[in-house]
Amino acid sequence: FPNQKNQCFMKELTTLEEYIIRAQNKFPGATGELSQLLRDIGLAAKIISREVNKAGITNILGYEKSENVHGESQKKLDLFANEQLISALSRSNITCMVISEENEGIVRLSGESGKYIVYMDPLDGSSNIDVSVSIGSIFSIYMRPDGDKALTEEDALQTGEKQVAAGYVLYGSSTVMGYTTGLGVRLFTLDPSIGEFILSSEDVKIPEYGNIYSADEGSYNFWELGLKKYVKHCQVIDPKTDRPFKARYIGCMAADVHRTLLQGGIFMYPDSSKYPNGKLRLMYECNPLSFIIEQAGGLATDGKKRIMEIKPSSLHECTPIYIGSRKNVEKLKEFISESDETPAG
Ligand code: AHG
Ligand code: MN
Ligand code: MN
């Protein structure tokens, strides 16, 4: 028999669509276009989530023959997610161009009349697909600078500070969507039985300190001295500061940052002798997740500079990133700057 106390009544639920419309109604001058754009992304996310969940029982797994702009093999789900998101953004004339990890150049959308530019990583953490581990989608939204001029790639090269909205979808043990429009971070959880994202948290705040560090520690010998020392610091036994930290690394930035958002700590993908500029992409991985983490009260840096102040010079450029709880990121920065000041040898 259903337990009355545990029943969830409909009046207590807020769907993503309702939430976005209510938020828009608080701004009398709003045109509703950004709201529509977010709803379009929500629709694509539901379709991708459905495919992700049945990936193991269909033949969708496996490599597609083509390679993406970074020379990596593209998997079928990467292409599927890319198509779904572009198709969702093409439904209305709100988005003039899309920049995707899966497309080398800008993708111009219908009539180029839309006022928003969207960056996306349609499927983040692709190497997790075959082993049924968490993957995600990441998006970042900018205003088109001047509506009358012909669109160029230059229009898309804006600093992260100019983002008007950003978010991610995590296809994990449940599907979660998080987004910000600069007024805090909202989280929604997909109820697959009714096909709706339901509001789960309206103003998420990251703990100011956390006892988890997250990095591909197998690459330790490629790292700079400051980072090596910081990770050793995380491993010191000191109950007063909750050390040693736990190590967690999913290999999907969206998932690692989502955990960091909720539980605190630090996620790191550094520059190294293997990846001199880091591996993660500034425009569709680092900037959107930095916007989310800053809106939740955390920090995101490349070691010296705030991620969202980096002036991009190309669509697919990489940056080192250290992101998470304020106190953890500040401590990491101390280690990096101390070792920069130490003469080599
Ligand atoms: P993508 O699947 O979009 O190429 O991104 C994978 C990224 C990121 O999500 C993750 O944090 C990182 O690559 C993992 O890299 P390593 O395998 O080098 O640890
Ligand atoms: Mn990615
Ligand atoms: Mn990807």
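## Helix α5 and the residue after it

In this predicted model, G264 adopts a positive phi of about 85°, and its place is just after helix α5. The helix itself covers residues 253-263. Nine of its eleven residues are buried, so α5 is largely enclosed by the rest of the structure.

Which residues of α5 are buried? They are M253, A254, A255, D256, V257, H258, R259, T260 and L261. Buried here stands for under 20% relative accessible area.

## Manganese site

The manganese ion (ligand 3) has three protein donor residues: E101 through OE, D121 through OD and L123 through O. The distances from these donors to the ion run from 2.0 to 2.3 Å. Along the sequence, the spacing of the donor residues follows the pattern E-x19-D-x1-L.

D121 also takes part in a bridge, linking the manganese ion (ligand 3) with the manganese ion (ligand 2). The separation of these two ions is 3.7 Å. As for accessibility, D121 and L123 are both buried.

## Largest cavity

How many cavities of 30 Å³ or more does a search of the whole structure find? There are two. The largest has a volume of about 70 Å³.

Its lining is made up of D216, S219, F222, W223, M268, Y269, P270, S272, K274 and Y275. Sorted by class, the lining residues of the largest cavity comprise six nonpolar, two polar and two charged. The charged pair is D216 and K274, while S219 and S272 are the polar ones.

## Second largest cavity

The second largest cavity has a volume of about 40 Å³. Its lining consists of I41, A45, L85, S137, I138, F139, V169 and Y171. By class these are seven nonpolar residues and one polar residue, with no charged residues. The polar one is S137.

Three elements each contribute at least two residues to the lining of the second largest cavity: helix α2 (33-54) and the strands β6 (135-143) and β7 (165-171). Which element gives the most to this lining? Strand β6 does, with three residues. Those from β6 are S137, I138 and F139. Helix α2 supplies I41 and A45, and β7 supplies V169 and Y171.

Conventions:
Residues numbered from 1 in each chain as written. Chains lettered and ligands numbered in written order. Predicted model: local features only at pLDDT ≥ 70, side-chain atom pairs only at ≥ 80, totals over all residues. Heavy atoms only, no water. Donors = N, O, S within 2.8 Å, 3.2 Å for Na, K, Ca; no water. Buried < 20%, exposed > 50% of the residue type's maximum accessible area, 1.4 Å probe, protein only. 1 Å grid on protein atoms, 1.4 Å probe; cavity = no way out; pocket = protein on both sides within 12 Å on 5 of 7 lines; lining within 4 Å. Points joined across faces, edges and corners; volume = space filled by probe spheres on them. Helix = DSSP H or I, 4+ residues; strand = E, 2+ residues; numbered from the N terminus.
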